[in-house]
Amino acid sequence: MKPRLSIDTNVINARGGLPWVNVLERWREEGKVEFLASTRLRIEAAKHPLPNALEKARGFRDSSEPLVWGQSFWGEAYWGSVYDQQPEFFEVASVLFPGVPHGTLPEGDANDVMHLLSHAGARADIFVTDGKKDFISGGKRELLRKRFGIVVMTAEEAVPHLSSTYGWPVPPNSPAGS
């Protein structure tokens, strides 16, 4: 089964100017990886200053989000089922935004939590982001993996990881291949 990558809004690569993401996109075109998009990715892409960001996000496979009171959209979320074992909204929020009282997250931060819940529910392999402050720094990456099994990597980390895991050559014109 090919690796499934949940894509964060900050790596949509609307201009094609993110070299590591270009490699992932090439592998997607070659059928080696699958890109998943949460509802939140599409919402944030619709607000992106570049109009092709939403078009690009629409090309990714949908990963539904769990129903979370005060966060979810009717008809866009699932309720119960095999996903009952996934983390809860406030559990993930407490890792990403420690010390922030329940119910006080700004919209962008709540969207970050929903991205990860969609990722976990889809049983995706890697959440790809350049949001180091929100997802990686201060031990957040390690806690997300330990507590919820969520693997977070930057595109720069994901490319060599996938290349070595699957034996895929990195294109010569990429940052790793030059």
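**Group meeting: strand E1 and what packs around it**

Okay, let's start at strand E1, residues 4-7: Arg 4 and Ser 6 point one way, Leu 5 and Ile 7 point the other way, and all of them are buried. By buried I mean under 20% relative accessible area, with exposed being over 50% and partly exposed in between, using a 1.4 Å probe and protein chains only. Strands and helices here are DSSP runs, numbered from the N terminus: H or I with at least four residues for a helix, E with at least two for a strand.

Quick housekeeping. This is a predicted model, so local features need pLDDT of at least 70 and side-chain atom pairs count only at pLDDT 80 or more, while totals for chains, interfaces and linings use all residues. Residues are numbered from 1 along each chain as its sequence is written, and side-chain values use heavy atoms, with hydrogens and water left out.

For the overall picture, the chain has eight helices and seven strands. Of its 178 residues, 47% are buried. Take the contacts (heavy atoms within 4.5 Å) between residues at least 6 apart in sequence: 68% of them join residues at least 24 apart.

Back to E1. What does E1 pair with? One partner is strand E2, residues 34-38, in the parallel sense over three bridges; for pairing, DSSP has to find at least two bridges between the strands. Arg 4 has Glu 34 as its bridge partner in E2. Another partner is strand E6, residues 126-128, also parallel to E1 and joined to it by three bridges. There, Ile 7 stands opposite Val 128.

Now add helix H1, residues 19-29: E1, H1 and E2 form a right-handed β-α-β unit. Right-handed means that, with the strands pointing away from the viewer, the path from the first strand over the helix to the second runs clockwise. The buried residues of H1 are Trp 20, Val 21, Val 23, Leu 24, Glu 25 and Trp 27. They pack against E1, E2, H3, E6 and H8. Just after H1 comes Gly 31, with a positive phi near 80°.

That brings us to the largest nonpolar core, which has 28 residues; Leu 5, Leu 24, Trp 27, Val 128 and Leu 162 touch the most other members. A core here is a set of buried Ala, Val, Leu, Ile, Met, Phe, Trp, Tyr and Cys residues joined through side-chain atoms within 4.5 Å. Two or more residues each come from E1, H1, E2, helix H2 (39-46), helix H3 (52-58), E6 and helix H8 (155-166). H1 gives the largest share, five residues. Zoom in on Leu 24: leaving aside neighbours within four places in sequence, Leu 24 contacts Leu 5, Val 33, Phe 35, Val 128, Ala 155, Val 159 and Leu 162. Apart from this core lies another one, of 19 residues, including Phe 89, Leu 96, Ile 136 and Phe 148.

What about cavities? There's one of 30 Å³ or more, and the largest holds about 30 Å³ of space. On the method: with a 1 Å grid over the protein atoms alone, a cavity is a set of points where a 1.4 Å probe fits but cannot get out, and lining residues have an atom within 4 Å of a point. Points are joined across faces, edges and corners, and the volume is the space filled by probe spheres set on them. The lining is Ser 6, Ile 7, Leu 36, Ala 37, Ser 38, Ser 63, His 115 and Phe 127. E1 and E2 are the elements giving two or more residues to it, and E2 has the largest share, three residues.

His 115 from that lining sits in helix H5. Is His 115 buried or exposed? Buried, at 2% relative accessibility. Beyond neighbours within four places in sequence, His 115 contacts Asp 8, Thr 9, Ser 38, Arg 40, Leu 41, Glu 44 and Phe 127.

Last bit, for the backbone people. Most residues other than glycine have a negative phi. Asn 13, in the loop between E1 and H1, isn't a glycine but has a positive phi of about 65°. Asn 13 counts as buried, at 4% relative accessibility. Arg 123 is also not a glycine, and its phi is positive, near 55°. Arg 123 sits in the loop between helix H5 (107-122) and E6, and at 45% relative accessibility Arg 123 is partly exposed.

Methods. On a 1 Å grid over the protein atoms alone, a cavity is a set of points where a 1.4 Å probe fits but cannot get out, and a pocket is an open set with protein on both sides within 12 Å along at least five of seven lines; lining residues have an atom within 4 Å of a point.
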